[in-house]
Amino acid sequence: YRHGEAVAIGMIEAAKFARFKGLTTLELLHRLEYLLATINLELKPKESYLPEDVLKVIKFDKKNKAGKIQLILPLELGKVTNFTVDPAELVNFWRN
């Protein structure tokens with residue numbers, strides 16, 4: 001993936017997780033998908049990955065703090081929040 005593609009995929013996944021947690025609207029997710037698609041960025045991985053494999057990589061990322069994952073989640077247009085999540089909760093989200 002090019003850097004922009006990886007960032008776009010991460011943005012979409014963060015927005016989906018925010019929606020799953022009830023922090024943002026479906027409208028915001030759709031707007032983000034539309035905007036990123038208009039500049040020809042990938043919106044989902046080309047391959048499928050097991051949630052556990054993704055977590056193995058995240059363990060070495062700057063987002064990992066003391067076994068918890070730090071995410072920046074969208075709340076509304078122009079407003080985000082720093083959200084701490086247990087890795088098991090991410091696995092649950094990805095499996096649903």
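**Exercise 1. The hairpin.** State which residue takes a positive phi in the hairpin of strand 2 and strand 3, and describe how the two strands pair.

*Solution.* Step 1: two residues lie between strand 2 and strand 3, and in this hairpin G78 has a positive phi near 85 degrees. Strands here are DSSP runs (E, at least two residues), as helices are (H or I, at least four), both numbered from the N terminus. The model is predicted: local features need pLDDT of at least 70 and side-chain atom pairs pLDDT 80 or more, while totals for chains, interfaces and linings use all residues. Residues are numbered from 1 along each chain as its sequence is written, and side-chain values use heavy atoms, without hydrogens and water.

Step 2: the strands pair in the antiparallel sense over seven bridges; pairing requires at least two DSSP bridges between two strands. F83 in strand 3 is the bridge partner of L71, and V85 in strand 3 is that of I69.

**Exercise 2. The sheet.** Give the strand order and identify the edge strands.

*Solution.* Step 1: three strands form an open sheet, ordered 1-2-3, with antiparallel pairing. Step 2: strand 1 (64-65) and strand 3 each have a single partner strand, so they stand at the edges and one side of each lacks a neighbour in the sheet. Step 3: helix 4 packs on the sheet, touching strand 2 and strand 3, and its direction makes about 55 degrees with that of strand 2. Contact means heavy atoms within 4.5 Å; axes are lines fitted to C-alpha atoms, for helices over the stretch in contact, with angles from 0 to 180 degrees between N-to-C directions.

**Exercise 3. Helix 4.** Determine which residues of helix 4 are buried, and how they are arranged around its axis.

*Solution.* Step 1: L90, V91 and F93 are buried in helix 4 (residues 87-95), where buried is under 20% relative accessible area and exposed over 50%, with a 1.4 Å probe and protein chains only. Step 2: viewed down the axis, the buried residues fall within an arc of 160 degrees, so they line one face of the helix; the arc is taken over the directions from the helix axis to the C-beta atoms. Step 3: A88 and R95, on the other side, are exposed. Step 4: the buried residues pack against helix 1 (3-20), helix 3 (51-58), strand 2 (68-76) and strand 3 (79-85).

**Exercise 4. Helix 1 against helix 4.** Find the crossing angle and classify it.

*Solution.* Step 1: the axes come within 11 Å and cross at roughly 95 degrees. Step 2: that makes helix 1 roughly perpendicular to helix 4, a class covering 65 to 115 degrees. Step 3: E13, K16, F17 and F20 in helix 1 meet E89, L90, N92, F93 and W94 in helix 4.

How values were computed: Parallel < 35°, antiparallel > 145°, perpendicular 65-115°, else oblique.
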